[in-house]
Every structure is written in structure tokens, then in C-alpha cells.
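Me: Please take a close look at the salt bridges in this structure, and then connect them with the parts around them. I am a first-year student and would be grateful if each term were explained as it appears.

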Amino acid sequence: MHGSTSPEWLLVALCAVTGAYCLLRTRSAVAEQRRAAGAEALMGFGMAAMAVPAAVVAPPDWAWGVCALVFGAAAIREGWAARAGGHHLHHLVGTGAMVYMAAAMSVSPASGHHGHGSAAGPPAVTGVLALYFAGYVLWSGARLVPAPTVVVGSGGGRGSVLWRDRVELARACRLSMAMGMLAMLLMR
């Protein structure tokens, strides 16, 4: 990005706060929610780290390879878990996008964290991923209506709903990460 780095810092903040909330959701009473929250926390913190302006912190050349390996391993895990349900496919696309961006940054680290496409425009993969995440943002934003909540008796008091088990908060978390991913792809 040219000029002010304020939008990049806003993206860092969005991704870090989302990652922190997802990390807190790993204490859910539901095993599947804990596993999904862990994967989403990894994505949130990884996106926050990748969005830090290059003018502030220039990571060593090997850092992008490490990011690609970490998210490649996460993609393999999500690919295996995708056999069980459709939400894992979204995680697979997200981890694949992180591998793609880390690999792109390792090839051209001189352009900073968010290099721009050539004069012909962004690569086709970037465009496809941007379309996917734009669609996901619209779809999940439309679904972000308070959902029926799970009432948990233990630890939450009589008939109360634990904040980490609120379905609409998990959806908001995924929505904010999809918006962050879309912004990162568009700034690429």
C-alpha cells in the first residue's frame, strides 16, 4: 500500500483481536467448536503477523517459508477433516490462501508485505481467492442474525449461555477473518 500504513495497522488489529477471541473459544464445552476455534485462532494470528507493515518490521527471508510450512501443515489437517463436514472446506481454502500468500511473499520479499500485481493485474489465483472470500463475506454477513443459543448449565449459572458457545459470535469471528483475508488479497 502506498502512503499511510493506518489501513494495514487496522488489519493487524482486526486479525489479532479475532485470533484472541478464537483462542478464548477453545475453552468451549463442545469438542468440535474447540477444534474449529483453534484453527481459526491460528489463522487470525497468522494473518495479523503477515499484515504488519514491512516498513515497521522486515521479517527475514526464511520467515515466509516457515509461514508456508505451518499453514501447509494446517491445510493438510483441514483437508483430512474436510471429509467430515463442509465447514472444514472453508478452513481448507483459508489455509491454502495463507500458503499462497506466504509463498508469494517469499518469492518477492522486496515488495514488502503487500506487493502489488503486475501491470496486467493480479494473478489469477489471487482473483479466484478474492472472489471466494468476497462471496463468503456476503453469505456469512447475511447469516449473521442471532442464532438459537445453546444453554449450558455447568459453569454458566442457571440457564445462562456461555459467551464461548455463542454461535453468532463464532460466525462474527469467521466473518471478520474473511474480511481480513479479502483485504490482504486485494492489497497484494
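Reply: **Charged pairs and their surroundings**

E40 and R25 are both buried, a word that stands for under 20% relative accessible area, while exposed stands for over 50% and partly exposed for what lies in between (1.4 Å probe, protein chains only). The model is predicted: local features need pLDDT of at least 70, side-chain atom pairs count only at pLDDT 80 or more, and totals for chains, interfaces and linings use all residues. Residues are numbered from 1 along each chain as its sequence is written, and side-chain values use heavy atoms, leaving out hydrogens and water.

Side chains of opposite charge can pair when their charged atoms come close. Here a salt bridge is a side-chain nitrogen of Lys or Arg within 4 Å of a carboxyl oxygen of Asp or Glu. Searching the whole structure gives 3 salt bridges. One of them joins the side chains of E40 and R25, with 2.8 Å from N to O. This pair links distant parts of the chain, as E40 belongs to helix 2 and R25 to helix 1, 15 residues apart. Helices are DSSP runs (H or I, at least four residues; strands are E, at least two), numbered from the N terminus.

E40 also meets R174 in a salt bridge, at 2.5 Å from N to O. R174 sits in helix 6 and E40 in helix 2, so this pair ties together parts that are 134 residues apart in sequence. R174 is buried, as is E40. R25, E40 and R174 are thus linked in a network of salt bridges.

A further salt bridge is formed by E78 and R35, whose closest N and O atoms are 3.2 Å apart. Since E78 lies in helix 3 and R35 in helix 2, the pair ties together parts that are 43 residues apart in sequence. E78 and R35 are buried too.

Helices 1 and 6 have a covalent link as well. In general, a disulfide is a covalent bond between the sulfur atoms of two cysteines; in this work it is a pair of cysteine sulfur atoms within 2.5 Å. The structure holds 1 disulfide, made by C22 and C173 with their sulfur atoms 2.3 Å apart. C22 belongs to helix 1 (residues 6-25) and C173 to helix 6 (residues 167-187), so the bond ties together parts that are 151 residues apart in sequence. C22 is counted as buried because its relative accessibility is 0%, and C173 is counted as buried at 3%. Two further cysteines can be placed in the same way: C15 is buried at 1% relative accessibility, whereas C67 is partly exposed at 21%.

Helix 5 (residues 124-142) offers another view of burial. Among its residues, T126, L129, F133 and Y136 are buried. Seen down the axis, the buried residues of helix 5 fall within an arc of 130°, so they line one face of the helix; the arc is that of the directions from the helix axis to the C-beta atoms. On the other side of helix 5, the exposed residues include V128, L131 and L138.
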